[in-house]
Amino acid sequence: MSVAGVFNRRVRGFRVVEAVGLCILISLVTSVYLAKTFAGSERQEIGRIEQEIQDEAVRKRLLEAEVAHLEQPRRIEQLAQMMQLKPIAPDHEITEDALIDVARRRELPRAPVAAVPVSPESLATDAPEALPDDASVPPPPPPPPQGGLE
């Protein structure tokens, strides 16, 4: 069969070349449709992740603002005065190697110190910004057991 014969051969009234061309066209249209569908779902996923990044950036800024508030020297000084804290004496300083010995002979905690009343006006000026509802602070961990490991 010659090359011209392939172009002129007919099956059920259609030339073979036209049938092959139609199959190729249908496969191209289907592949383009599937590619656009997958690209649309990927675009939605990218948009969702970008929104999460923006939300996390807002939460990060809020946490940085809260840390900045909590680290204010004036606030820390007021808390230290309320708790009657004093600078550490030089004879109470130890090296890193001696920390394990201090931990082994640890004293039991003393009774809590009564706090000095503070006016609400001074606290209101140092109030941190409000956090979003989903940024709740986890509860503090439970205190360690009082018994020693021996």
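Which residues form a nonpolar patch on the surface? Leu22, Leu25, Ile26 and Val29 do so in this predicted model, and the patch is the subject of the second view below.

**Figure 1. Overview of the predicted protein chain.** The secondary structure consists of five helices and two strands. Read from the N terminus, the elements follow the order α-β-β-α-α-α-α. Of the 150 residues in the chain, 4% are buried. The chain exposes about 13,900 Å², of which 63% is supplied by carbon and sulfur atoms. When contacts between residues at least 6 apart in sequence are considered, 68% of them join residues at least 24 apart.

**Figure 2. Nonpolar surface patch including Val29.** Together, Leu22, Leu25, Ile26 and Val29 present about 390 Å² of accessible area. Val29 belongs to helix α2, which spans residues 16-70. Its relative accessibility is 52%, and Val29 therefore counts as exposed, the cut-off for this class being over 50%.

**Figure 3. Salt bridge between Glu18 and Arg15.** This is a view of one of the four salt bridges that the structure holds. The side chains of Glu18 and Arg15 meet with an N to O distance of 3.2 Å. Both partners are partly exposed: Glu18 has a relative accessible area of 41%, while that of Arg15 is 31%.

**Figure 4. Salt bridge between Glu45 and Arg48 in helix α2.** The closest N and O atoms of Glu45 and Arg48 are 2.4 Å apart. About one helical turn separates Glu45 from Arg48, because the two lie three residues apart in helix α2. Glu45 is partly exposed, at 34% relative accessible area. Arg48 likewise counts as partly exposed, with a relative accessibility of 40%.

**Figure 5. Glu52 and the salt-bridge network around Arg48.** Arg48 also meets the side chain of Glu52 in a salt bridge, with 2.4 Å from N to O. Glu52 and Arg48 are both placed in helix α2, four residues apart, or about one turn of the helix. Glu52 is partly exposed, its relative accessible area being 41%. Through salt bridges that share partners, Glu45, Arg48 and Glu52 are joined into one network.

**Figure 6. Backbone of Gln84 in the loop between α3 and α4.** Gln84 is located between helix α3 (73-82) and helix α4 (99-104). The phi angle of Gln84 is near 55 degrees, a positive value in a residue other than glycine. With a relative accessible area of 51%, Gln84 is classed as exposed, since this class begins over 50%.

**Figure 7. Confidence along the predicted chain.** The mean pLDDT of the chain is 79, and 68% of the residues score at least 70. Among the elements, α2 has the highest mean pLDDT, 94. The lowest mean pLDDT, 64, belongs to helix α5, residues 120-125. Where pLDDT is low, the predicted coordinates should not be read in detail. Helix α2, the element with the highest mean value, also contains Val29 of the nonpolar patch and the salt-bridged pair Glu52 and Arg48.

Methods. Residues numbered from 1 in each chain as written. Predicted model: local features only at pLDDT ≥ 70, side-chain atom pairs only at ≥ 80, totals over all residues. Heavy atoms only, no water. Buried < 20%, exposed > 50% of the residue type's maximum accessible area, 1.4 Å probe, protein only. Patch = residues over 30% accessible without salt bridge, like charges linked within 9 Å, V, L, I, M, F, W, Y side chains within 5 Å. Areas by Shrake-Rupley, 256 points an atom, 1.4 Å probe, with all protein chains shown as cover. Contact = heavy atoms within 4.5 Å. pLDDT = per-residue confidence, 0-100.
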